[in-house]
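User: Please take a close look at how helices pack in this chain. I would also like the local surroundings of a few single residues, as far as they can be read from the model.

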Amino acid sequence: MSDIIQLLPDSVANQIAAGEVIQRPASVVKELIENATDAEADTITVNIKDAGRTLVQVIDNGKGMSETDARMAFERHATSKIKTAEDLFAINSLGFRGEALASIAAVADVELKSRQIEFDLGTHIHIKGSEVIKQETVSTPAGSNFSVKNLFFNIPARRKFLKKDATEFGHIIYEFKKTALSHPEINLTLIHNNHEIYKLQAGSLRERISGIFGKNINKHIIPVESNTSILKISGFTGKPESAKKRNSEQFFFVNGRFMKHPYFYKAILNAYEQIIKPDMHPTFFLYFNIAPERIDINIHPAKIQINFDDSQGIYQLLRASVKQALGKFNIVPSIDFDREGFIDMPYSGNKNFAFAEPDISNKKNYNPFEEETVDSKKLFSKFSSKKEVVPDNWDVLYTGFESAEKNNSKDAEQKSFNTENNSFSKLFQLKNKYIATPVKSGLMFIHICRAHERIIFEALTKSIKTSDIYTQKTLYPTEIQLSSEDFAYIKSALSSINDLGFDISAEKNDIIKISGIPSYLSDSQPKTLIEAVLVQIKDDDGVLKDNVLDNIAEIIARKASLNYAKPLAIEEMQYVINQLFSCQMPNFTQNGRKIIEIIKIDDIEKVFK
């Protein structure tokens, strides 16, 4: 039998490696920006077209490469960062494996122009699918200029499974943010389809954070500073009130390298315990400075997972540092004491002004061990509401349920509810969450929040179908400052949101202005509703693909629906039921959650057997 094991061609091996290193256009951006940073560039420009499908271009003013280095850089495992195995435990650079450029060149059309600052001419090399097309001497600015075109041109399956442009560009922005936050001393620019998204000037960390996330974030972050023999922790953490449902503003950096560390994230959550709700996520930008030999960064292809030699100790230090910052900068009302140590209180201005001793009356004959009689009727009258009059013909509300019971159909039973008759007289609220009312076949429960969600959803979608849209103008327009990434997301959904009765415009400097909302949402906070839409479209690619209006209407309806903790008067419960049974689909929410449930008498009687 002949031998069957053979070495793979370099082109195939590079494509396999690219499967780990280059997963999407954002991976290309990450690798090229890291290389530019390692080349000691202080100005980096990232130019993107079609979310990276057509072009990813990274231009830097770093050290540049010689003709030989430019060619060698595209070979697998070719690197200037390490020479021996011991170097793996003292890495200070971002890239070191030498796989990035070889992987990129295997799945794209790549051109590199590079010149070292001490030379007048540089080199131009063109590689396509791991094949060197040409290399020549050219005149080019000092530094490097990488152009990666037609990513995955030779792997149609990989290109086919790329997400839509908004999603892929969102990943690119995330990679750009990571470099921008880890190196505030570098000037960084991001351009997409000839539109400038970010232009960040070198400055302090606080300036860099506000440049990325908007100036409003300045008032929501507090500094963290801790210096020990194990490591130095610095950066910022968010005030409790700035916690969000989505953990999009959470960044760990170690020696200038971004990392993900679930164990340390638990330390942050522990520091915020009982300060924020369990389902909320705090904002933080935290930087670790630690000796390179105390960490291992060579455990993940993307180099975002890092091992520490004393994780438990760092956990305690991190938790204590964040708790100390929260305690030190916690803003709470305090009594204002004057210089003499007395409470500074206003008075009439009379020099002879004197404080009078308060007159305190005591019940001299009070005996704490003596029982005190209480007039229960008088006490109850304080809390009793207006007496409800039960109509004589209340039972006509439930006509038709007999036939429904015979047919054993819940839908028929619920549809037979006649809301045009007199007011409901037997309604009560359970745990502020359900409306309960007896029916012929048993006891009917209605989920209040979901019922309100269904009512709002059908009102939104019905207004579109009937072109019966009423927009209520706000007295003062609400302006929301967004990051460039969030602004792009909202702009992609803006026309659909406005079709539902909103009046929202995209202003300059990544600001949206809300001038009106649908009339039946007048009690809602427009900012809260739009932020809910933003979170959902960032998390779910499908929201803006099919049935866009229904999807956005569902998000708004869920956010605007009644809160569980709100007690309702009889009239309010009556109104909810009337509106619910006038809906086309009262039994379920748009995403299939049950609204109405009837517990039959037979099931109740079984409990007591």
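Analyst: What follows starts with the chain, moves to two helix pairs, and then goes residue by residue.

This is a predicted model. The chain has 609 residues, and 43% of them are buried. Its secondary structure comes to 18 helices and 22 strands. Take the contacts between residues at least 6 apart in sequence. Of these, 68% join residues at least 24 apart.

Now the helix pairs. Two packed helices are described by the angle between their axes and the distance between the axes. Both values are given for each pair below.

The pair α6 and α7 comes first in this account. Helix α6 covers residues 165-182, and helix α7 covers residues 205-213. Their axes come within 9 Å and cross at roughly 160°. An angle over 145 degrees counts as roughly antiparallel. That makes α6 roughly antiparallel to α7. The crossing of α6 past α7 is right-handed. Which residues make the contact between α6 and α7? From α6 come K177, A180 and L181. From α7 come L205, R208, I209, I212 and F213. By type, the contact of α6 with α7 holds six nonpolar residues and two charged ones, with no polar residue.

The next pair is α14 and α16. Helix α14 spans residues 484-499, and helix α16 spans residues 548-560. Here the axes are 10 Å apart, and the packing angle is about 75°. Angles of 65 to 115 degrees count as roughly perpendicular. The two helices, α14 and α16, are therefore roughly perpendicular to each other. On the α14 side, the contact uses A493, S496, I497 and D499. On the α16 side, it uses V548, L549 and I552. The residues of this contact of α14 with α16 divide into five nonpolar, one polar and one charged.

Stay with α14 for a single residue. F487 is found in this helix, α14. Is F487 buried or exposed? Its relative accessible area is 9%, so F487 is buried. Leave out residues up to four places away in sequence. F487 then touches L482, A506, E507, D510, I511 and I512. One of these partners, I511, is 24 residues from F487 along the chain. The C-alpha atoms of F487 and I511 are separated by 7.4 Å.

A strand residue comes next. S144 sits in strand β6, residues 143-149. With a relative accessible area of 7%, S144 is buried. The cut-off for buried is under 20%. What joins the side chains of S144 and S114? A polar contact of 3.0 Å does. Beyond neighbours within four places in sequence, S144 is in contact with V58, I59, D60, G64 and M65. The list for S144 also includes L112, K113 and S114. S114 therefore appears both as a contact of S144 and as its polar partner through the side chains, while S144 itself is buried.

H261 belongs to a loop, the one between β12 (257-259) and α8 (262-271). At 13% relative accessibility, H261 counts as buried. Setting aside neighbours within four places in sequence, H261 is in contact with F252, I306 and F308.

Two loop residues deserve a check of their backbone angles. S130 lies in the loop between β4 (122-128) and β5 (131-138). Its phi is positive, about 70°, although S130 is not a glycine. S130 counts as partly exposed, at 28% relative accessibility. N193 is in the loop between β7 (187-192) and β8 (195-200). N193 also has a positive phi, near 50°, and is a residue other than glycine. The relative accessible area of N193 is 39%, so N193 is partly exposed.

The last stop is I601. I601 lies in helix α18, residues 601-607. I601 counts as partly exposed, at 35% relative accessibility. Not counting residues up to four places away in sequence, I601 touches K440, S441 and G442. I601 and P438 are 163 residues apart along the chain. Their C-alpha atoms, those of I601 and P438, are separated by 10.0 Å.

Key: Residues are numbered from 1 along each chain as its sequence is written. This is a predicted model: local features need pLDDT of at least 70, side-chain atom pairs count only at pLDDT 80 or more; totals for chains, interfaces and linings use all residues. Side-chain values use heavy atoms; hydrogens and water are left out. Axes are lines fitted to C-alpha atoms, for helices over the stretch in contact, and angles run from 0 to 180 degrees between N-to-C directions. Helices (H or I, at least four residues) and strands (E, at least two) are DSSP runs, numbered from the N terminus. Angles under 35 degrees count as roughly parallel, over 145 as roughly antiparallel, 65 to 115 as roughly perpendicular and the rest as oblique. A crossing is left-handed if the near helix is turned anticlockwise from the far one by less than a right angle, and right-handed if clockwise. Contact means heavy atoms within 4.5 Å. Ala, Val, Leu, Ile, Met, Phe, Trp, Tyr, Cys and Pro count as nonpolar, Asp, Glu, Lys and Arg as charged, and the others, Gly among them, as polar. Buried means under 20% relative accessible area, exposed over 50%, partly exposed in between (1.4 Å probe, protein chains only). A polar contact is a pair of N or O atoms within 3.5 Å; within protein, one must be able to donate a hydrogen and the other to accept it, and residues adjacent in sequence count only if both atoms are side-chain atoms.
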